[in-house]
Amino acid sequence: MENKDNKAGGCACGAPRPAPQYPDQVTGMYVLARALRMVGVDTMYGLVGIPVTEVAYIAQEQGIRFVSFRHEQNAGMAAQTHGFLTGKPGVLLTVSSLGFLNGLTATANATVNCYPMIQISGSSVREPIDLDQGTYEGLDQLAIARPLVKAAYRVNNVEDIPTAVVRAFRAAVSGRPGGVYLDITTPCLGQVIDMSRAEELLYTPVDPCPAMPPAPEAIDRAMQLIASAKRPAFIIGKGAAYARVEEQMKSLVEKTGIPYLPMSMAKGLLPDNGPLSAISCRSMVMEQADVVVLVGARLNWLLSRGQGKWSKTVKFVQLDIDPREIDCNRPIAAPVVGDLRSALDAMLARLDSYKMSVDPEWIKAIQTHTASANEKFAARLKENAAAMPMNHWSALSAIKPIIESNPDVILINEGANTLDDTRDAIDMSMPRHRVDCATWAIMGMGMGSAVGAAVSTGKSVVAIEGDSAFGFSGMEFSTICRFKLPVTVVIFNNGGIYNGVGENLGKDGDPAPTTLDINARYDKLGDAFGADTYYVKTPAELSDALKAAIASKRPALIDVQLAADAGKESGHIGYLNPAPLQTIIV
Ligand code: ADP
Ligand code: TZD
Ligand code: MG
């Protein structure tokens, strides 16, 4: 009987690539690369092996940049960040079984965060998988991916590859963006087709991300409510950053005089320190606003699901592309379902028909509260600047002025205290310049996102990482170096998850569950790959190192020595722990 296991009919791995046997024929791998080119894909992130090595070689040959990683999750995090920052799906290429599963974590994360991304995975021969006969890397990948992604397709026939790529592209970017899984079997990748037939099948889709304007009556309902409000506020989410509506939001804020509160990754869409910024007035907005306009922000756990502190009488206007988002936690008085650009343009066009009734006292109260919060914040940074060993605030007192005077640097940020304190300390003034662990608050996006941000924008990147957070993707620092990216990684080492002073309650001599390595020299990891490295113990040393690192536009790693007791359990979200944990952990 013929051994069908992974018989591809073409070269599956290894370099240099052999010359094609039949010059007028091509394989599925070639058709895939060409189809990606036709939808405008210029970059792929991934990790190769059987059966997709040749896909990456052909992609490079076809002018697609292939950024090769050490672990698929990180390549996926790069692809999702590429998607968020460019509005075009980031593409991840993985091998079958574990490579697929490793990458799927990022594709699921992209879906949860509404970032467009396509994971393309080779998969093994169908028949022995379906009969559970134990084939090479056999796994029913499509079935596993399906519940975790926005859409999932399998291609079994080379002639279907162009259609599959276009469908994946459309699914990723249209409506609410998300992660899409494209499964291509090994036989399909190796299937041979005449070049002329392949060229006939290839096409570029028309309008893959169509505008979806909201109904005019939805706009009027929303405008009426906004115009009636005495204490209104905009809450701007990362959907607005993704939709690139900074100009529309600027006009709307200027023309209505309504203050705005950005969610973490919407920071900088309008300046954090602008006169109508309510960034320091989160509680005030929740407790006192009478109308809140959600602009590409979900009323999910990050906004207490509209419960808790929120006023019982506040009325919501919600601008979102996904009708299922409306009413999910609180009744929404004025849903505006459609794409943000069309929705905001329509609101601006109708603005002259409405007279705003914003109470000047509300604006005064927000500005007074902001001034006093800013004063307290500055005092806190100042008084901690001298702490030895450093804590998060001392380190941030050095970093804040440098990042703020380099507004075009993209900031990547993950950790617990490292995340919360950095987000609060550093004002952003440009849209899409902050990428963090976002809706799922996951660790492990750092190095992948840093690569994706640098590759997709060509800009300099600074990643501010907790020592635990860094550990999830730290090996990818080698990718930053191999691709010579202008990325500076700053590691806040407080020796653990949340801090380094956890106690092992069993006293068996093992480290506590939260304890990592307070004396680790992470900078030496950078040395291994030829980066510029720094080990710093004071804000002055950190300041010099960060300035030099950003100016060099080379890979750099700064190990920031903090005190082991710097940082508290779970940062700002300790209240989410089940009750007994709160009493045990330091
Ligand atoms: P944040 O975490 O910043 O609060 P979320 O991820 O919770 O933001 O919400 C983003 C929202 O933006 C999602 O509900 C998504 O459907 C919506 N969205 C994304 N792109 C668009 C768009 N182009 N137009 C309208 N809404 C969008
Ligand atoms: N695993 C994954 C994938 N995501 C998570 N969020 C966690 C585990 C749990 N976790 C957090 O929520 S924050 C964090 C973990 C492990 C790390 C916090 O430590 P850090 O930052 O060193 O990164 P700080 O400054 O010490 O708080
Ligand atoms: Mg830590």
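A disulfide is a pair of cysteine sulfur atoms within 2.5 Å. The model is predicted: local features need pLDDT of at least 70, side-chain atom pairs count only at pLDDT 80 or more, and totals for chains, interfaces and linings use all residues. Residues are numbered from 1 along each chain as its sequence is written, chains are lettered from A and ligands numbered from 1 in the order in which they are written, and side-chain values use heavy atoms, with hydrogens and water left out.

**Exercise 1. Cysteines**

Task: Find how many disulfides the structure holds, and explain why cysteine 209 has no bond to cysteine 114.

Solution:
- Step 1. The count of disulfides is zero.
- Step 2. The closest cysteine sulfur to that of cysteine 209 belongs to cysteine 114. The gap is 13 Å, too far for a bond.
- Step 3. Now look at cover. Buried means under 20% relative accessible area, exposed over 50%, and partly exposed in between (1.4 Å probe, protein chains only).
- Step 4. Cysteine 209 has 43% and is partly exposed. Cysteine 481 has 11%, so it counts as buried.

**Exercise 2. The magnesium ion**

Task: Name the protein donors of the magnesium ion (ligand 3) and place them along the chain.

Solution:
- Step 1. Set the rule. Donors are N, O and S atoms within 2.8 Å of the metal (3.2 Å for Na, K and Ca); water is not among the atoms, so sites may look incomplete.
- Step 2. Three protein residues are listed: Asp467 (OD), Asn494 (OD1) and Gly496 (O). They lie 2.0 to 2.1 Å from the ion.
- Step 3. Along the chain, the donors have the spacing D-x26-N-x1-G.
- Step 4. Aspartate 467 and glycine 496 are 29 residues apart and link distant parts of the chain. Aspartate 467 is in helix α19 (residues 467-473), while glycine 496 is in the loop between β17 (487-493) and α21 (523-528). Helices (H or I, at least four residues) and strands (E, at least two) are DSSP runs, numbered from the N terminus.
- Step 5. Both aspartate 467 and glycine 496 are buried.

**Exercise 3. Ligand 2**

Task: Describe the residues around ligand 2 and how much of the ligand the protein buries.

Solution:
- Step 1. A residue is near a molecule or strand if one of its heavy atoms lies within 4 Å of it. Ligand 2 has 17 such residues, and His392, Asn417, Thr418, Asp467 and Asn494 come nearest.
- Step 2. A polar contact is a pair of N or O atoms within 3.5 Å; within protein, one must be able to donate a hydrogen and the other to accept it, and residues adjacent in sequence count only if both atoms are side-chain atoms.
- Step 3. Polar side-chain atoms of two residues reach oxygen atoms of ligand 2: histidine 392 at 2.8 Å and aspartate 467 at 2.6 Å.
- Step 4. Taken alone, ligand 2 exposes 590 Å², and the protein buries 77% of that. Such areas come from the Shrake-Rupley method with a 1.4 Å probe; for residues, only the protein chains shown count as cover.
- Step 5. Helix α19 gives the most to this shell, with four residues.

**Exercise 4. Ligand 1**

Task: Describe the shell around ligand 1 by contact, cover and class.

Solution:
- Step 1. There are 19 residues around ligand 1; among those that come nearest are Arg176, Lys238 and Asp320.
- Step 2. A backbone N or O atom of lysine 238 lies 2.7 Å from an oxygen atom of the ligand. A polar backbone atom of isoleucine 321 is 3.1 Å from a nitrogen atom of ligand 1.
- Step 3. On its own, ligand 1 has 590 Å² of accessible area, and the protein covers 96% of it.
- Step 4. Helix α11 (residues 238-242) gives the most to the shell, with three residues.
- Step 5. By class, the shell has eight nonpolar, six polar and five charged residues. Here Ala, Val, Leu, Ile, Met, Phe, Trp, Tyr, Cys and Pro count as nonpolar, Asp, Glu, Lys and Arg as charged, and the others, Gly among them, as polar.

**Exercise 5. Backbone angles**

Task: Locate the cis peptide bond before proline 51 and the positive phi of arginine 432.

Solution:
- Step 1. Most residues other than glycine have a negative phi, and most peptide bonds are trans.
- Step 2. From isoleucine 50 to proline 51 the bond is cis, with omega near 5 degrees. Proline 51 sits in the loop between β2 (43-46) and α2 (53-61).
- Step 3. Arginine 432 has a positive phi near 55 degrees. With 9% relative accessibility, arginine 432 counts as buried.
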